[in-house]
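Biologist: I am new to this structure and should like to go through it step by step. Please show the sequence and the model before we begin.

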Amino acid sequence: MSKIGDFFCEDNGKFSSTRLVVMLWNVSVMAVWIYVSFRSGQMAPIDVGVLAGLGIIQATKVSQKFLENKAG
């Protein structure tokens with residue numbers, strides 16, 4: 001498998017949809033922020049709700065990995 005494909009797999013070789021969701025959210029938020037910043041000519045503020053959503057998604061991934069390691 002490619003290096004990118006390996007990134008989306010867990011240690012046991014299974015595909016991680018949580019990892020994909022985290023990556024898509026991060027890339028999407030950054031792309032929109034960069035676009036809006038370039039269009040306005042200054043650094044655009046990022047809404048608190050968006051930052052909270054990113055934090056929740058990151059925490060979900062961390063807790064999922066912790067619970068998998070604890071259970072297995």
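Modeller: A residue is called buried under 20% relative accessible area, exposed over 50%, and partly exposed in between. Please note that this is a predicted model.

Biologist: How does Ile 34 count by its relative accessibility?
Modeller: Ile 34 has its place in helix H2, which covers residues 17-40. Its relative accessibility is 38%. Since partly exposed lies between under 20% and over 50%, Ile 34 therefore counts as partly exposed.

Biologist: Which residues form a nonpolar patch on the surface with Ile 34?
Modeller: The patch has about 340 Å² of accessible area together. Besides Ile 34, its members are Met 30 and Phe 38.

Biologist: Is Lys 61 buried or exposed?
Modeller: Lys 61 is found in helix H3, residues 48-71. Leaving aside neighbours within four places in sequence, Lys 61 is in contact with Glu 10, Ser 16, Thr 18, Arg 19 and Val 22. Its relative accessible area is 11%. Because buried means under 20%, Lys 61 is buried.

Biologist: What separates the C-alpha atoms of Ile 56 and Val 22?
Modeller: Ile 56 lies in helix H3 and, at 55% relative accessibility, counts as exposed. Val 22 is among the buried residues of H2. The two are 34 residues apart along the chain, and their C-alpha atoms are separated by 9.9 Å.

Biologist: Which residue follows H2?
Modeller: H2 has 24 residues and reaches 34 Å from its first C-alpha to its last. The residue that follows has a positive phi, near 80 degrees. That residue is Gly 41.

Notes. Residues are numbered from 1 along each chain as its sequence is written. This is a predicted model: local features need pLDDT of at least 70, side-chain atom pairs count only at pLDDT 80 or more; totals for chains, interfaces and linings use all residues. Side-chain values use heavy atoms; hydrogens and water are left out. Patches are made of residues with over 30% relative accessible area and no salt bridge: like charges are joined within 9 Å, nonpolar side chains (Val, Leu, Ile, Met, Phe, Trp, Tyr) within 5 Å. Accessible areas come from the Shrake-Rupley method with a 1.4 Å probe; for residues, only the protein chains shown count as cover. A salt bridge is a side-chain nitrogen of Lys or Arg within 4 Å of a carboxyl oxygen of Asp or Glu. Helices (H or I, at least four residues) and strands (E, at least two) are DSSP runs, numbered from the N terminus. Buried means under 20% relative accessible area, exposed over 50%, partly exposed in between (1.4 Å probe, protein chains only). Contact means heavy atoms within 4.5 Å. The expected span of a helix is 1.5 Å times one less than its number of residues.
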